[in-house]
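My notebook is open and I have a structure to look through. I will jot down what I look up, one topic at a time.

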Amino acid sequence: MDRAVESRLSYSDREGHHHTVDLSPTSARVTIGRSPGSDLLLTEDDEVSRLHAVLECVGSHWTILDDGLSRNGTFVNGERLAGRRRLRQGDSIRIGGTKIRYLEFGGALDEATRMGTDMPEVRSLTDTQRAVLTALCRPYKHGAAFANPASNQQIAQELFLSVDAIKTHLRALFAKFGVGDLPQNQKRVSLAERAMRSGIINERDL
């Protein structure tokens, strides 16, 4: 049986002091801001709003939400957050001038580490492969955490290619992103997740 996943936030304040905040599903809502009642209090950062963002545990996954709460926005891996986004191992969150790292330990970490190696570079993808990848990820636009990747038929219609051509390009992408050995029903989701987590596909592309 897999060990339970433990989650934690790690950051340094303006004076360089390091802090960690353990996340527990039993306290499934964590507020971040300058308000004295915030769970993660960032009083020294004047770019942070009183209630800036909220972390919530949805099912077994932590998500971050900034639905117009903040004045200056919340950024995850350099992309401004619009609505809710599921957090992944190693995600970088920027709130005002404070950078926060989301970390996971336990059962899912080995998988995250294994999936994080040998990530292809953008220049290693053909223009068509990148177009297929973008179309695959399009349902995740605006941080839709519980979307499903586009189907072969949807991608084929968008790109004016045959379904067989899409399958061929996806097989090549599965190999490049190291998901070819996963069960068939996991390949597409894992490919989309890796493409977005790595920044190869970002919100502007969608």
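Leaving aside its neighbours within four places in sequence, which residues is Asp66 in contact with? I keep in mind that this is a predicted model. I looked around Asp66 and listed His52, Ala53, Gly73, Thr74, Leu81 and Gly83 as its contacts, with neighbours within four places in sequence left out.

**Entry: more on Asp66**

I found Asp66 in strand β6. Next I checked its charge partners: Asp66 is buried yet has no salt bridge. The nearest side chain of opposite charge is that of Arg80, 6.1 Å away. A salt bridge needs the charged atoms within 4 Å, so I can see why Arg80 at 6.1 Å does not make one. I did find a polar contact, though: the side chain of Asp66 meets the side chain of Ser70 at 2.6 Å.

**Entry: the sheet around β6**

I traced an open sheet of five strands in the order β4-β3-β5-β6-β9, and its pairing is mixed. Its edge strands are β4 (40-41) and β9 (83-86), each of which pairs on one side only. I then followed β6 (residues 61-66) and saw that it pairs with β9 in the antiparallel sense over four bridges. In this pair, Thr63 stands opposite Arg86 of β9.

**Entry: a hairpin**

I turned to β1 (residues 6-12) and β2 (residues 18-23), which pair in the antiparallel sense over six bridges. Across from Arg8 I found Asp22 in β2. The two strands form a hairpin with five residues between them. In the turn, Gly16 has a positive phi of about 90 degrees.

**Entry: positive phi elsewhere**

Which way does phi usually go? Most residues other than glycine have a negative phi. I therefore noted two residues other than glycine with positive values: Asn77, near 50 degrees, and Phe160, near 60 degrees. Asn77 sits in the loop between β7 (74-76) and β8 (79-80), and at 30% relative accessibility it counts as partly exposed. Phe160 lies in the loop between α3 (152-159) and α4 (163-176). With a relative accessible area of 75%, Phe160 is exposed.

**Entry: helix α5**

I ran along α5 (residues 184-198), which has 15 residues. From first C-alpha to last it reaches 22 Å, close to the 21 Å expected. Its buried residues include Lys187, Glu193 and Arg194, alongside Leu191 and Met196. After α5 comes Gly199, whose phi is positive, near 90 degrees.

Terms used. Residues numbered from 1 in each chain as written. Predicted model: local features only at pLDDT ≥ 70, side-chain atom pairs only at ≥ 80, totals over all residues. Heavy atoms only, no water. Pairing = 2+ DSSP bridges. Buried < 20%, exposed > 50% of the residue type's maximum accessible area, 1.4 Å probe, protein only. Lys, Arg positive; Asp, Glu negative; His and termini not counted. Polar contact = N/O pair within 3.5 Å; in protein donor to acceptor, adjacent residues only side chain to side chain. Contact = heavy atoms within 4.5 Å. Expected span 1.5 Å × (residues − 1).
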